[in-house]
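Student: Could you walk me through how the labels for this structure are earned? I'd like to see values set against definitions.

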Amino acid sequence: MSNSLAPASEALSCVQEALEAHLGHLTRLRDLWLSRPYRGERPRIRVVISAHFDARGSYSIRWDPVTTLHSDTKPLKDLARSELPIGWNTLTIPALSDRTEPRTPADEALFRAAFKVPALLASALGRVSEAHVSACHVMHAGGGITACDIENVERAEITSGLAAIEKLPWILLAEVLYAVERGMTAADLKQTCQRVNHIENIDHHSAAMALAIGRRVLAYNAAWWRSAAKFELPKPRGFRRRAKPGRKLVRVSGAKARHSSVAPRGNEGRRIAPRGQMQSYIRNRLAERDPDWAFTAGDFSEFAKTSDRKRITRALDALVRKGELQAIAKGVYCSAHYEATNYAALKAVMRDRGEHCAPGPESAGLVLEEGCKAAFDFYTNGPLKIFRVRNQVLRLHREPVPGLCSEIQSFAQPAPSILLVRHLTGQERLSYESFDRLAGEFPDQLRLSMILTGMLL
């Protein structure tokens, strides 16, 4: 059969016959290649298919044989040129030169059919050897035609997909690759991440997208037709608990874990202090606060970039050496002329961690009567168990009702809410007179306590 199929309408009807002819050419080439003497294991034949419009406007589809060893590709092609007929690897669909911009539905149908031929040829030749379409054309809904380099398109889509995976807060790329290796489905991946990270709002579509990109990037790196560099991928690893947004999870003592003491404030670097003026900026901030205010370097985060927090720490340590400040705990400071309470020191640490605290079960009553100076144990919504300030060790407890510590931050006296919540949850009963007095003096805190306790129950 002639490889120049004309006219175009008849050419498409003869595609199947042309595919069989090219399959015969490849089969004969393979037999000739295997019959020649070769030292060692003979490399396999593979086929690369490309399509383009030639100078005459015809749609030309070409397949080129290659081998697994690059040095044997040239001898293979020389063998094909000498033993196979002219045009042995080219299939041409002519009469398209005047239709490069389709105008009628018939023209569009003709182009769409012609653009499917490379894939059909790859499917036919795939019965003899591996085949890959490297360049083809697609037609858009509006009738426009675009030439596609398959590898470039694949790399672009994989790159955007990997960037999307990096933005997912509930999974890492290494865990996606682990899920692909284990053969997990999107439902399995979603369920596993919900169980490990205690996250409910995981989108099924995002889980499916992550798995699809993981499979595609592994397939691309292993593809024989790949001409560009491989994607650099992390080593697959099992699922691990995610840190909350803004915190870093640090592994210590095997299975035990703690959170770093730095959480973003959202105002980092907005008012950077000039070199040599950091101490002056800190003094001005302290003049605006109460004398017994306790603080950390994070309370001055807008004076330096996120990566330059040490500038603030060095300035604070310099003020300590000058006698203007005193360090009352690790990373916690207050004025040298006033004594900050343990509660103020703990709140400074909680601000730095993005967490909250409140007077504990044993000292809530004393705080209500004597003030925050009497507090010696505290509730928190974070993982800390103890806190060392000055020469004391403060005991920290998990908040009795989720959300309690964060909700009572706006109250000048948080102790009433603690007492009311403990009473409503049955942890510590108040007398009728005490409950009636608290309910009358702090109605907003009673209402909040009932809401939080109702959500718990």
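Tutor: Here we go through helix packing, aromatic pairs, burial and strand pairing.

Tutor: This is a predicted model, in which local features need pLDDT of at least 70, side-chain atom pairs count only at pLDDT 80 or more, and totals for chains, interfaces and linings use all residues. Residues are numbered from 1 along each chain as its sequence is written, and side-chain values use heavy atoms, with hydrogens and water left out.

Student: Why are H7 and H9 called roughly perpendicular?

Tutor: Helix H7 (residues 173–181) and helix H9 (residues 204–222) pack at an angle of about 80°, their axes being 9 Å apart. Angles under 35 degrees count as roughly parallel, over 145 as roughly antiparallel, 65 to 115 as roughly perpendicular and the rest as oblique. So H7 and H9 are roughly perpendicular to each other. On the H7 side, the contact (heavy atoms within 4.5 Å) includes Val176 and Leu177, and on the H9 side Gly214 and Arg215 are among the residues involved.

Student: What makes the pair of Phe295 and Tyr333 stacked?

Tutor: Rings of Phe, Tyr and Trp (its six-membered ring) pair if their centres lie within 6.5 Å; planes under 30 degrees apart count as stacked, over 60 as edge-to-face and the rest as tilted. Here the centres are 6.3 Å apart and the planes stand at 20°, so the pair is stacked. Phe295 sits in the loop between helix H10 (278–287) and helix H11 (309–321), while Tyr333 is in strand S9 (residues 332–335). Both also belong to an aromatic cluster with Tyr281, Trp293, Phe300 and Phe303.

Student: And why is the pair of Phe53 and Phe111 called tilted?

Tutor: Their centres are 6.4 Å apart, with 40° between the planes. That angle falls into "the rest", so tilted is the word.

Student: Is Phe111 buried or exposed, and how do you know?

Tutor: Buried means under 20% relative accessible area, exposed over 50%, partly exposed in between (1.4 Å probe, protein chains only). Phe111 has 0%, so it is buried. Its partner Phe53 has 26% and therefore counts as partly exposed.

Student: How do you know that S12 and S13 pair?

Tutor: Two strands pair if DSSP finds at least two bridges between them. Strand S12 (residues 386–389) has four bridges to S13, running antiparallel, so they pair. Arg388 stands opposite Val393 in S13. The two strands form a hairpin with two residues between them, and Arg390 in the turn has a positive phi of about 55°.

Key: Axes are lines fitted to C-alpha atoms, for helices over the stretch in contact, and angles run from 0 to 180 degrees between N-to-C directions.
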